[in-house]
Amino acid sequence: MNRSHLLAIAVTAAFANLAHAALPASNPFAKPSTLPFQYPAFDKIKNEDFAPAFDEGMREHMREIDAIANSKSAPTFDNTIVAMERSGQLLNRVSTTFSNLVGTNTNPTLDALDKDLAPKLAAHSDKIRLNEKLYQRIQTLYDKRAQLKLDAESAYLLERYHTDFVRAGAKLSAADKEKLKAYNGKIAALQTQFSQNVLKEANASALVVDSRAELAGMSDKAIDVAAAEAKKRGLDGKFVIPVVNTTQQAPLSVLTNRATREKLLATSLARGSHGGEFDNRNVVLELAKLRAERAALLGYPSHAAYLLEDQTAKTTGAVNSLLAEFAKPAVNNAKKEAAEIQKAIDADGGKFQATAYDWNYYSDKVRQARYAFDQNQLRPYFEFNRVLIDGVFFAATKEYGITFKERKDLPVYDPDVRVFDVFDADGKQLAIFLHDPYARSNKRGGAWMNAYVGQNALLGTHPVIANHLNIPKPAAGEPTLLTYDEVRTMFHEFGHALHGMFSNVKYPRFSGTRVPRDYVEFPSQVNEMWMAWPEVLANYAKHYQTGAPMPKELLDKVQASTKFNEGYRTTEYLAASILDQKWHQLGANQIPTDVLGFEAKSLHDAGVDFPLVPPRYRTTYFSHVFSGGYSAGYYGYLWAEKLDADTVEWFKENGGLTRKNGDRFRQMLLSRGGTMDAMEMYRNFRGRDAKIEPLLERRGLTGE
């Protein structure tokens, strides 16, 4: 979500001085899209349109910035700050669409352009942020801010611009600015390389087996899909199971063949670290070193210290304390769960000790024994369309009064993408929402939200928001039946979408999810509560063949099992978060030479090296932190969950799923974007700071 903004303010010095002709009117980015809400004209956008649009967008943006910086007029808020907010509109149009398509529907041409653009775009982000004349205008305004009589949002915008420029190196000497530019260009290139390696490695590292017997436990339809995938890859007669971005893989919960389970997890764990052209170990070492050196140049002991200063956590000490507070009780819980899994293995006649590749398979057996149900009993009640329309949308209508109408007339970049108009309670259109559910070989892993168009009053734009998932696509004609976790992910990502759609800010800088990284997950995690809310669950959890509601006894079992496997879930998350911090709290002279050795030592030193629970992401495929966005910030999910759990208690105390509660949450949090300090925003809503107890209770960590 931040990447498109970085793209939008970036241009190279070389491009800035070229006097090429203006972008031809035939280029779909030459002017704002004429489709509703400036929705991208996907049917008119071709690969070859991007490079010239970037070139002209960069030049145009630079002309605008130079005009501001070199103005003979004394700096005012309007001729400096507001002018900067208005600048770069062509570049923003092309960059938002490009960055989103690279993540969702890439191809070799876009990959090559992405790799070429990364250092160039970073260079002009520097050219703007390190422009001495521009900075002096901002500094002049900042120094007399008390006399400017700005409204609260404008005053905060001035403060943020000043902070952004200082943190970007505006106060460095000329020589150090040149060093910083070099660092930023190299880091941008390496982040892109890491991201592309992860996607290519995921496709190259799929598990290939020779017989249906090796996939025993999977449904016949799922095995047929594996056969079709193999045929698509030119492996007729074989079966292919692609790997997803997380360490654990969904088939591990059903595969009865232990050798196949072992191979699948080993394939997943080895990604990016077993040699070959997609090995990411050297990329990680270079990135860690360059980030640490850049932090030192900017006056910080580590990359984490630099990043965290501008988050709500503020310090590495605060983050380390949070992670340490959870580590011991989480691992203790995981060990208790492991003991139960070993009992299940023994009861099943297994003559072996439990391993990481046994966990998912036998944890379902433990769940079945304890609660008399397994996950597969839920799937017939979680049909994708029903979850989306009668679950996700239904909850939003009950809470906020918004309604949805699918439309088929707008172009999409893939046939499986669905488009909806979103209407506010007063009937006025609020946003356009795209939903892209299925995994593809040219789509990055995970689930995320992005904005093709962000809301702001200054430019008069309205939200065009998308959610992206990676649900395995069933065979043609078959229903899409979801797991419990996939349902939760749909509600989670729609929480991000609501944050973007409800944005009601004046300036682009503050639109939607443009908030601190360790706060952005808070609203989306709150939205997860509605997936199991009785009124909502009863509306969507219906058998895909008969329409019969989920039986109350099954629903009761689901509710009773909400804390099941929380030791595992918390430990795998903590392990990944700790790896992120360990890598990014290093000084420039502390970078190791052995990636996997450092990883093992880091987990051991933190007390989370429990072999049965590998990290949710290992270093070499940890895209969250090594290809941008969440570097030194993966802890943010847990940090935000403290706010989330406390807010869920507020909803329950105040009557749950009501318009009154939804309108308050929308008005005081979701609509505000980044217009004020995030924790002040939370305190205004809750009336106090968040308490930790609801989170401890949720994760089953009380009494430890």
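**Exercise 1. A residue in strand S6**

Is Met449 buried or exposed, and what is its relative accessible area? Work from the predicted model shown above.

*Solution.* Start by placing the residue: Met449 belongs to strand S6, which spans residues 448-453. Next, take its relative accessible area, which is 4%. The cut-off for "buried" is under 20%. Met449 is therefore buried, because its relative accessible area is 4%. As a last step, look along the chain to Tyr507, 58 residues away from Met449; the two C-alpha atoms are separated by 20 Å.

**Exercise 2. Strand S7 and its partners**

Find out how many residues of strand S7 are buried, and then work out which strands pair with S7.

*Solution.* Let's take the strand by itself, then its partners.

1. Strand S7 covers residues 464-471, and 8 of its 8 residues are buried.
2. Recall that side chains in a regular strand alternate between the two faces of the sheet. It is helpful, then, to sort the residues of S7 by side. Val464, Ala466, His468 and Asn470 lie on one side, while Ile465, Asn467, Leu469 and Ile471 lie on the other, and both faces are covered.
3. Now turn to strand S5 (residues 429-438), which runs parallel to S7 and is joined to it by 6 bridges. Within this pairing, Leu434 is found opposite Ala466 of S7.
4. Strand S6 pairs with S7 too, here in the antiparallel sense and over 5 bridges. Asn450 has Ala466 in S7 as its bridge partner.

**Exercise 3. Enclosed spaces**

Search the whole structure for cavities of 30 Å³ or more, and describe the lining of the largest cavity and of the second largest.

*Solution.* Begin with the count, then treat each cavity in turn.

1. The search yields 2 cavities of 30 Å³ or more.
2. The largest cavity holds about 40 Å³ of space. Its lining is made up of Glu399, Tyr400, Gly495, Leu498, Pro523, Val526, Asn527, Trp530, Phe665 and Leu670.
3. Assign these to elements: helices H16 (384-400), H17 (484-501) and H18 (517-527) each give two or more residues to this lining. H18 gives the most, with 3 residues.
4. Sorted by class, the lining of the largest cavity has 7 nonpolar residues, 2 polar and 1 charged.
5. The second largest cavity contains about 30 Å³ of space. Around it are His499, Val515, Tyr519, Pro523, Leu669, Leu670, Gly673 and Met681.
6. The class count for the second largest cavity is 6 nonpolar and 2 polar, with no charged residues.

Note on methods
Residues are numbered from 1 along each chain as its sequence is written. This is a predicted model: local features need pLDDT of at least 70, side-chain atom pairs count only at pLDDT 80 or more; totals for chains, interfaces and linings use all residues. Side-chain values use heavy atoms; hydrogens and water are left out. Helices (H or I, at least four residues) and strands (E, at least two) are DSSP runs, numbered from the N terminus. Buried means under 20% relative accessible area, exposed over 50%, partly exposed in between (1.4 Å probe, protein chains only). Two strands pair if DSSP finds at least two bridges between them. On a 1 Å grid over the protein atoms alone, a cavity is a set of points where a 1.4 Å probe fits but cannot get out, and a pocket is an open set with protein on both sides within 12 Å along at least five of seven lines; lining residues have an atom within 4 Å of a point. Grid points are joined across faces, edges and corners, and a volume is the space filled by probe spheres set on the points. Ala, Val, Leu, Ile, Met, Phe, Trp, Tyr, Cys and Pro count as nonpolar, Asp, Glu, Lys and Arg as charged, and the others, Gly among them, as polar.
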